[in-house]
Every structure is written in C-alpha cells, then in structure tokens.
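Dear colleague,

I am passing on the structure that we spoke about, and you will find the sequence and the coordinates just below. After that come my notes on how its parts are put together.

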Amino acid sequence: MALIVQKFGGSSVKDRNRIFNVARIVANTHKAGNDVVVVVSAQGDTTDDLIAKAAEITHNPSAREMDMLLAAGEEISIALLAMALNELGCHATSLTGWQAGFRTDRAYTKARITRMETERISSELERNRVVVVAGFQGLNKLDDITTLGRGGSDTSAVAIAAALHADRCQIYTDVEGVYTADPRKVRNTRKLEEITFDEMLELASLGAQVLNNRSVELAKKYNVELEVLSSLNPVPGTVVKEVTKDMEGMLIKGVAKDTDVAVITILNVPDEPGTSFKIFGLLAQKNINVDIILQSTGRDGKKDISFTCAQGEAETAMRVLKESGKFKDATCDETCAKVSIVGAGMQSHSGVASKMFEALSNNNNNIKMISTSEIKISCIIARDDADKAVSAIHDMLFD
C-alpha cells in the first residue's frame with residue numbers, strides 16, 4: 001500500500017462531469033489499496049470571477065480581504081469533490097487549508113508555508129478516508145486566512161507529499177505531461193518522459209504553465225518525485241526528478257514564454273558603490289521579485305539600470321522608486337515578453353545561443369535584454385512577437 005498525493009487544477013473540476021471524472025480517478029486509486037490525499041484548485045474561472053466581484057466594490061481592496069474572498073473558491077471545489085466521492089461509495093472528507101495544517105507567514109496574497117501540522121490528515125487517513133484538501137490557502141499567526149499566490153495548489157500538494165513522506169505526488173492537468181513547448185500553440189512539440197528538477201524549475205519560472213515554480217523548488221528541496229498527468233486522457237505523463245536517464249540526449253528540454261513582464265529603467269543613477277543595494281533594497285522591502293538586471297557602463301559619473309519584474313508589481317515598484325526621492329528618473333515598459341530556452345545540455349555544447357538568436361533574427365525580433373545561466377537563455381522582446389518567436393525558436397532547435 002502506498003500513500004499518494006494527487007492534485008487537480010481548476011479545469012479538471014470545472015463542472016459536474018469533470019468532477020465525477022476526477023472522483024473516479026481518485027476512487028480507483030483508493031480502491032487499489034492506496035491511501036490518497038487530493039488537493040484541488042478552484043473550479044474553472046472561479047478565481048477570476050471572485051476578483052471581478054471585488055472590483056465591483058472597490059478598485060483598491062485590502063490584501064487581507066482578497067485572501068478571505070479568494071479562499072472561498074477552493075472550499076467550493078473540495079466540498080463538491082468529496083460529495084462526488086461519497087456518491088461513488090468512496091468515503092471522503094474535505095478539509096480547508098487551515099484544517100489540513102497549513103501555517104504561513106503574513107504576506108497576504110503570496111504567503112509562504114512556514115510549517116505543516118498533519119495530525120488531522122493522518123487521522124482521516126487512518127479511518128480509511130480519502131482526504132480532499134483545499135489548495136492555495138493557509139492560516140497565519142493572527143489566524144487570518146492567507147493564499148499562496150499563483151499556482152499555489154501545486155505548492156500545497158508538494159508540501160503535503162513532503163510532510164507525509166508520500167510515495168508519489170501526481171499533478172493532473174489538461175495536458176498529458178511536460179512538452180518542449182505549449183502543444184496548444186506550437187506545432188510538432190515533443191512530450192518529455194523525464195525532466196530534472198533544475199530544468200523544470202527554470203521552465204516553470206520562465207512562463208511554462210504546467211507546474212508552479214515554487215512547487216518544483218519545494219519538490220527539489222525535499223526530493224519529492226513528481227508526475228505530470230492528464231486528467232482527461234489516461235496515458236503516461238512526465239516524471240520530474242533529481243536525475244534523469246536522458247537517453248535521447250536532448251540538449252534543450254523546452255522553449256517557454258512569459259508575458260507577465262515589465263521592464264523598468266532608471267536613468268542617470270550615480271555611478272558609485274552602494275547604489276544598486278539602495279535600489280533593490282527598496283524593492284525587497286515591498287516583496288517585489290526582480291528577474292533580469294542590466295547595468296550600463298558608467299559615463300560622466302552616471303549609469304542606467306534596467307530590470308524586469310512581474311507586470312502586476314510594476315506600479316508599486318515605480319511608486320517606491322519615485323517616493324524615495326533619489327530615483328525619480330524612471331520609466332516602465334509594459335509591452336514586453338520574455339522568451340527562453342532551457343536544457344542542461346547547454347553546459348557542454350556550443351552553438352545553442354547562436355541558434356536561438358538566429359531564429360529571432362529570421363523572425364525579425366529585436367532583443368532588448370539577454371540573461372543566461374548554465375541551463376537557460378532568456379531574451380526580452382516585444383510582447384506582440386512572443387508567440388511567433390517561440391514557434392520560430394522551437395522550429396530551429398527541434399526540427
């Protein structure tokens with residue numbers, strides 16, 4: 001008998017038929033003799049609908065009240081799925097995030113898990129029940145509801161798997177695994193049998209929407225092997241783990257794009273020690289995550305610094321910089337996107353970057369910024385060009 005954690009996204013439980021489809025998958029896993037914990041997201045577009053409802057009331061809701069509102073979406077899903085499981089004769093109990101023992105810090109709307117208290121889950125499992133847990137949510141020290149941010153249900157599932165030392169953590173989505181690019185938008189993509197944590201973490205961080213980057217980071221930290229599967233088509237998926245066989249010897253594992261990008265440029269910054277610390281220290285105080293950073297060569301005692309952040313954080317970043325009084329000469333470009341390639345094979349093979357730049361050149365894409373690491377290359381280009389750029393890069397690297 002194994003302990004299996006299964007996570008289902010919003011599209012997998014969007015209506016009655018999908019809920020019963022998920023219930024049958026879970027029930028079959030349980031009937032095979034396994035203990036099962038299921039983590040569920042809010043149904044379909046429920047989260048977006050709740051955000052729209054908040055916008056009908058105010059254009060500036062408090063982060064605390066938004067967490068209180070958004071947590072309701074997952075609570076609907078877990079109750080309906082538990083009902084469906086019971087209807088199929090599979091005893092199930094639904095638990096909110098706080099009932100399941102998720103304790104978080106106080107960063108409303110993007111809280112981080114500080115600890116897991118799994119006594120309630122373990123108690124329900126001992127009673128031979130399937131435990132259906134609301135993903136994306138927890139409780140902070142003030143007993144306030146918090147949410148974990150975008151893709152938080154993936155993180156919830158991995159956290160439970162790590163805390164319970166689960167034998168397997170399965171992430172069910174509407175695609176059949178991890179592909180070399182989004183199969184819904186790019187032709188001739190390949191499904192990967194395996195991918196390393198490091199490669200998956202880069203892809204997730206760079207815009208691939210199959211897994212949330214925080215969940216992969218957590219899986220790597222606690223060595224939780226993940227399996228990405230389709231909830232609609234019962235075929236083998238993609239395994240995410242520390243070391244892969246990589247029998248195909250693929251240099252590149254994927255091409256990704258991220259349109260949630262803003263480029264902020266601060267002009268005429270004093271070319272002196274400590275300036276970068278002052279800028280990014282201000283941003284860190286507001287929990288603004290900065291990605292690519294580009295600094296110009298100093299001239300006349302001045303330099304320019306550009307960096308990227310999430311588009312939703314750009315307004316706050318600009319306000320913080322201007323309110324400081326020292327970095328008022330700043331501009332923000334919200335018409336950008338980031339296209340990236342990822343693969344551990346780049347470490348030992350030359351010419352990969354050249355092929356990517358050739359594809360962008362042939363596609364008439366102007367590169368605004370470039371960032372590299374041992375296993376990835378990212379370019380900032382115009383957002384309107386992103387889809388065609390991804391296809392052009394994929395064709396160049398995989399055809």
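Strand β1 (residues 3-8) and strand β2 (residues 35-40) run parallel and are joined by six bridges, where helices (H or I, at least four residues) and strands (E, at least two) are DSSP runs numbered from the N terminus. Within this pair, Lys7 stands opposite Val39 in β2.

Before I go further, please note that this is a predicted model, in which local features need pLDDT of at least 70 and side-chain atom pairs count only at pLDDT 80 or more, while totals for chains, interfaces and linings use all residues. Residues are numbered from 1 along each chain as its sequence is written, and side-chain values use heavy atoms, with hydrogens and water left out.

Both strands belong to an open sheet of eight, ordered β3-β6-β2-β1-β9-β11-β12-β10 with mixed pairing; two strands count as paired if DSSP finds at least two bridges between them. At its edges are β3 (92-95) and β10 (194-196), each of which pairs on one side only. Helix α6 (residues 197-205) lies across β10 and β12 (238-241) and runs at about 85° to β10, angles being taken from 0 to 180 degrees between N-to-C directions, with axes fitted as lines to C-alpha atoms, for helices over the stretch in contact.

The second sheet is also open, with six strands in the order β14-β15-β13-β16-β18-β17 and antiparallel pairing. Because β14 (290-295) and β17 (369-372) stand at the edges with a single partner strand each, one side of each is left without a neighbour in the sheet. The twist from one strand to the next averages 30°. Strands β13 (residues 254-270) and β16 (residues 330-342) pair over 10 bridges, and helix α11 (residues 386-398) lies across β13, β16 and β18 (376-382) at about 120° to β13.

Turning to the interior, the largest nonpolar core (buried Ala, Val, Leu, Ile, Met, Phe, Trp, Tyr and Cys residues joined through side-chain atoms within 4.5 Å, buried meaning under 20% relative accessible area with a 1.4 Å probe, protein chains only) has 41 residues, of which Val37 and Ile121 touch the most other members. Helix α5 (residues 152-164) gives the most to this core, with seven residues. Beyond its neighbours within four places in sequence, Val37 is in contact (heavy atoms within 4.5 Å) with residues including Leu3, Val5, Ile121 and Ile160. A second, separate core of 24 residues includes Val26, Val38, Ile78 and Leu85.

With best wishes

How values were computed
Buried < 20%, exposed > 50% of the residue type's maximum accessible area, 1.4 Å probe, protein only.
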